[in-house]
Amino acid sequence: MNKTFNINLGGYPFAIDEDAFNYIQNYLKTIERHFSASEGCDEILYDIEVRMAELFQEHLKGRSIISMKELDEVIRIMGKPEDFGAEPMEEFHYTGRAKTETNRINTGKRLFRDPDDKKLGGVCSGIAAYFGVEDPLWVRLIFAASVMLGGFGLITYIILWVLVPEAVSSSDKLSMRGEPATIENIAKMVEKEVTELGDKINEWSKDIGSKKKTGR
């Protein structure tokens with residue numbers, strides 16, 4: 001008879017049996033060691049935990065305890081440490097079916113509002129990302145033309161703004177573009193966002209410095 005533990009993964013509470021608890025601890029520690037030198041390490045780990053929690057909720061389907069079966073399914077989707085260049089896990093040897101089975105990663109493409117490229121609520125940029133339109137300007141022009149021609153563009157936009165969720169986590173943003181939310185892709189997205197944020201802060205600092213010099 002296995003013991004069970006209560007854990008909080010990405011803000012979601014779960015019960016997990018002893019074998020799966022020991023395995024997931026080792027898995028997350030291995031990932032943490034790999035990304036420890038990254039500036040976005042904490043954000044990467046948090047987004048990975050959130051994505052794993054979402055997958056556990058999907059796979060449990062009413063069952064109350066995470067076992068190795070559910071953990072095996074989630075790791076199959078997220079990827080093993082060695083899949084993204086990390087050292088293999090210590091003490092445990094992953095004996096799942098990922099080596100022999102066809103990759104069954106479901107991209108889970110979903111419609112979100114895009115907070116990173118929005119003019120109002122991010123509806124148009126979210127639709128553009130969902131349908132693979134490179135420039136959201138075209139979607140904005142369609143909505144604008146509909147409003148000017150007396151169509152339902154404005155009402156439709158407001159309804160979508162209310163109903164469609166905003167892409168908050170890295171896995172949301174990957175799903176919005178139809179990309180698999182694996183550990184590797186989540187880490188790349190977080191590191192890109194951290195780099196872009198650093199560039200913006202540098203630009204703001206330079207701008208403020210130049211204004212002080214010119215007395216404006």
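A crossing of two helices is left-handed if the near helix is turned anticlockwise from the far one by less than a right angle, and right-handed if clockwise. Keep that in mind for Exercise 3.

Before you start: this is a predicted model, in which local features need pLDDT of at least 70 and side-chain atom pairs count only at pLDDT 80 or more, while totals for chains, interfaces and linings use all residues. Residues are numbered from 1 along each chain as its sequence is written, and side-chain values use heavy atoms, with hydrogens and water left out.

**Exercise 1. Getting an overview**

Find how many helices and strands the protein chain has, and the order in which they run.

Step 1. Helices (H or I, at least four residues) and strands (E, at least two) are DSSP runs, numbered from the N terminus. The protein chain has eight helices and three strands.

Step 2. Starting at the N terminus, the order of the elements is β-β-α-α-β-α-α-α-α-α-α.

Step 3. Of the 216 residues in the protein chain, 39% are buried; buried means under 20% relative accessible area, exposed over 50%, and partly exposed in between (1.4 Å probe, protein chains only).

Step 4. Now look at contacts, meaning heavy atoms within 4.5 Å. Among those between residues at least 6 apart in sequence, 59% join residues at least 24 apart.

**Exercise 2. Building the sheet**

Work out how strand 1, strand 2 and strand 3 are arranged in the sheet.

Step 1. Two strands pair if DSSP finds at least two bridges between them. Strand 1 (residues 4-9) pairs with strand 2 (residues 12-17) in the antiparallel sense, over six bridges.

Step 2. Check this pairing residue by residue: Asn8 has Pro13 of strand 2 as its bridge partner, and Phe5 stands opposite Ile16 in strand 2.

Step 3. Look at the turn. Two residues lie between strand 1 and strand 2, which form a hairpin, and Gly10 in the turn has a positive phi of about 60°.

Step 4. Strand 2 also pairs with strand 3 (residues 65-66), in the parallel sense and over two bridges. Here Ile16 has Ile66 as its bridge partner, and Ala15 stands opposite Ile65.

Step 5. Put the pieces together: the three strands form an open sheet in the order 1-2-3, with mixed pairing. Strand 1 and strand 3 stand at the edges with a single partner strand each, so one side of each has no neighbour in the sheet.

Step 6. Finally, add a helix: helix 1 lies across strand 1, strand 2 and strand 3, and runs at about 120° to strand 2.

**Exercise 3. Comparing helix pairs**

Describe how helix 1 packs with helix 2, helix 2 with helix 3, and helix 4 with helix 6.

Step 1. Axes are lines fitted to C-alpha atoms, for helices over the stretch in contact, and angles run from 0 to 180 degrees between N-to-C directions. Angles under 35 degrees count as roughly parallel, over 145 as roughly antiparallel, 65 to 115 as roughly perpendicular and the rest as oblique.

Step 2. Helix 1 (residues 18-35) and helix 2 (residues 41-60) have axes 10 Å apart, at an angle of about 150°. They are therefore roughly antiparallel to each other, and their crossing is right-handed. Among the residues making this contact are Ile24 and Tyr27 of helix 1 and Ile48 and Met52 of helix 2.

Step 3. Sort that contact by class. Ala, Val, Leu, Ile, Met, Phe, Trp, Tyr, Cys and Pro count as nonpolar, Asp, Glu, Lys and Arg as charged, and the others, Gly among them, as polar. The contact of helix 1 with helix 2 has 11 nonpolar, no polar and two charged residues.

Step 4. The axes of helix 2 and helix 3 (residues 68-78) come within 10 Å and cross at roughly 130°. These two helices are therefore oblique to each other, again with a right-handed crossing. Their contact includes Leu55 and His59 of helix 2 and Val74 and Ile77 of helix 3, and its residues are nine nonpolar, one polar and three charged.

Step 5. Helix 4 (residues 123-131) and helix 6 (residues 153-163) pack at about 80°, with axes 10 Å apart, and are therefore roughly perpendicular. Val123, Cys124 and Ile127 of helix 4 meet Tyr157, Leu160 and Trp161 of helix 6. This contact has six nonpolar, no polar and no charged residues.

**Exercise 4. Following one residue**

Decide whether Phe35 is buried or exposed, and list what Phe35 touches.

Step 1. Phe35 sits in helix 1. With a relative accessible area of 7%, Phe35 is buried.

Step 2. Leaving aside residues up to four places away in sequence, Phe35 touches Cys41, Ile44, Phe84, Ile183, Ala187 and Glu191.
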